[in-house]
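Here's a quick briefing to read alongside the model. Have the viewer open and follow along topic by topic.

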Amino acid sequence: MENKIKIEVKNLSFCYEEEKYVLKNINLKVYENETVCIIGENGSGKTTLLLCIAGLLKYKGEVKIDGEIFSEDLRKKMGFLFENPDDALFMPRVFDDVAFGPRNFGFEEKRIKEIVENSLEKVGLYGFEERVPHHLSFGEKKRVSLASIISYNPEILLLDEPTLGLSPLSRGNFINLIKNIRATKLIATHDLEMAIQIGDRIVLIDEGEIKKEWRRELYSIFF
Amino acid sequence: MKHHFIDRFAYKRGFLQEVNTGLKIFLLVLLILSLLLIPEKIIFYVPFIILVFMFLIFSKIPFIYFLKRVLIIFSFLIVLFFLSIFKENGLRIFIFSFLKSLISISLVFLFVMTTKMFFLLEFIKKVPAGFLISEVFSFLYRYFFLLQDEFEKMKRGMISKGKDPKLKDYFLLSGNLFVRNYERSERVLKAMISRGWRIK
């Protein structure tokens, strides 16, 4: 494992209502190309932590990406996979959904078609460009969502419950897809089996605090 | 859940499906304009009715399905036309307004049903001020079916707990749907921002 710190979270706290903290003083370092799985009860703050790191919520504390404090210019480095793919697929065609990120991040228009085709090929949906998102199955929607973020080659992937709602076969395929993407990955999940399978580190979050951390070297002895 | 996509026939192979969207809209405008300008004699309307039927046959749209959709819209108009009967020369006005609107609505339906929604939205974008309209319609088209699904799920939930929904329950469900979709809109906005979209 390389030692360059990719994400550094310092004293991060977040509250939706005054005095009711969802995240309390979180400190976390994620290294380059490391896969960290965040596990915890429903409402423990996993998704909120990912949203804070992605700069989608306003928080107290500090989040650094590659040593720089989060700013809009750093957004291109991050891809966020939402729990419900219907939230992430908002365009009338699969092509436009996958092209949405590259277009906003200033990729050349003449390259977009190629980028979309490559991204869809990577998730096994080559030829789906003209399809309409609401005609797709849940598993296909999940894969298109993934294609829509890998299309702009983010260095960091923030994945919120990537395997939720998938059939055992689709789940297995989806885990393989995630595993094969070279990026720093932070995954919020209830899927312990997946966490053990692909996580270099597992972090337990409870009541908005990091309670425990296990490294692969430790749990790979048992599983 | 079964949905009735307005453009479901656009994915079939047929005569109107093959025509370019721009040309189709030009033809539609031309046909509706000529319909407005022709003299008020039944004989002049016959070619239009034949044209509608030919389009239906060659575009492989089931007649009953088509008729049901046209009549839903038409039922709102017929009340207005019916009032004209009581005017001087009212029956004549009623008959020709009836024919003109029925043919126009049929043509619009035929053209929309055989055009992929995406192509229609892309065309609207090219019209002045069409960008905003196109964006709004694309969201409407994308999320209308999700709203329908969510409403159906809530209704089934209510029925499964032994409550047969009455009018006031539908209001309750609608309120709930509004709150749920307000939350969804926030999540969609987050998804857009995370992929580089900025509020302009």
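## A covered strand in chain A

Strand E3 of chain A is covered on both faces: A:Thr35, A:Cys37 and A:Ile39 are buried on one side, and A:Val36 and A:Ile38 are buried on the other. Buried here is a matter of counting: 20 or more other C-beta atoms within 10 Å of the residue's own, against 12 or fewer for exposed and partly exposed in between, with C-beta atoms placed from the backbone. Strands (E, at least two residues) and helices (H or I, at least four) are DSSP runs, numbered from the N terminus.

This is a predicted model, so bear in mind that local features need pLDDT of at least 70 and side-chain atom pairs count only at pLDDT 80 or more, while totals for chains, interfaces and linings use all residues. Residues are numbered from 1 along each chain as its sequence is written, and chains are lettered from A and ligands numbered from 1 in the order in which they are written.

**E3 and its partners**

- E3(A) runs over residues 35–39, and 5 of its 5 residues are buried.
- Strand E8 (residues 184–188) of chain A runs parallel to E3(A), with 4 bridges joining the two; for pairing, DSSP has to find at least two bridges between the strands.
- A:Thr35 has A:Lys185 as its bridge partner in E8(A).
- Strand E9 (residues 201–206) of chain A is also joined to E3(A) by 4 bridges, and this pairing is parallel too.
- Across from A:Cys37 in E9(A) you'll find A:Ile202.

**The open sheet in chain A**

- Chain A also has an open sheet of 4 strands in the order E2-E1-E4-E5, with antiparallel pairing.
- Strand E2 (20–31) and strand E5 (68–69) of chain A sit at the edges with a single partner strand each, so one side of each has no neighbour in the sheet.
- Strand E1 (residues 5–17) of chain A and E2(A) run antiparallel, joined by 8 bridges.
- In that pair, A:Cys15 faces A:Tyr21 of E2(A).

**Where the chains meet**

- Chain A and chain B put 20 residues each into the contact, and two residues are in contact if their C-beta atoms, placed from the backbone, lie within 7 Å.
- On the chain A side, helix H2 (85–88) and helix H3 (94–104) each supply at least two of the residues that touch chain B.
- That side of chain A splits into 11 nonpolar, 4 polar and 5 charged residues. Nonpolar covers Ala, Val, Leu, Ile, Met, Phe, Trp, Tyr, Cys and Pro, charged covers Asp, Glu, Lys and Arg, and the others, Gly among them, count as polar.
- A:Ala54 is in the loop between helix H1 (46–53) and strand E4 (60–65) of chain A.
- What does A:Ala54 touch, leaving aside residues up to four places away in sequence? Its contacts are A:Met78, A:Phe80, A:Leu158 and, over in chain B, B:Ser194.
- A:Ala54 counts as buried because it has 23 C-beta neighbours inside 10 Å.
- A:Leu74 is 20 residues from A:Ala54 along the chain, and their C-alpha atoms are 9.3 Å apart.

**Chain B overall**

- Chain B has 8 helices and 0 strands.
- Its radius of gyration, taken over C-alpha atoms, is 21 Å, well over the 16 Å that the globule rule gives for 200 residues, so chain B is more spread out than a compact globule. The rule is 2.2 Å times the number of residues to the power 0.38.
- Along the principal axes, the C-alpha atoms of chain B fill a box of roughly 55 × 45 × 35 Å.
- Just 13% of the 200 residues of chain B count as buried.
- Chain B divides into domain 1 (8–121) and domain 2 (128–194), with bounds from an automatic or database domain assignment.
- The C-alpha centres of these two domains of chain B lie 31 Å apart.

**Two helices of chain B**

- Helix H8 (residues 167–194) of chain B has 28 residues and should span 40 Å at 1.5 Å a residue, which agrees with the 40 Å between its end C-alpha atoms. The expected span is 1.5 Å times one less than the number of residues.
- B:Val188, B:Ala191 and B:Ser194 are buried in H8(B), and their cover includes strand E6 (78–81) and H2 of chain A.
- Just after H8(B), B:Gly196 has a positive phi of about 90°.
- In H5(B), the buried residues are B:Leu102, B:Ser106, B:Leu110, B:Phe111 and B:Met113.
- Among the elements covering them are helix H1 (15–18), helix H2 (21–37), helix H3 (42–58) and helix H4 (63–84) of chain B.
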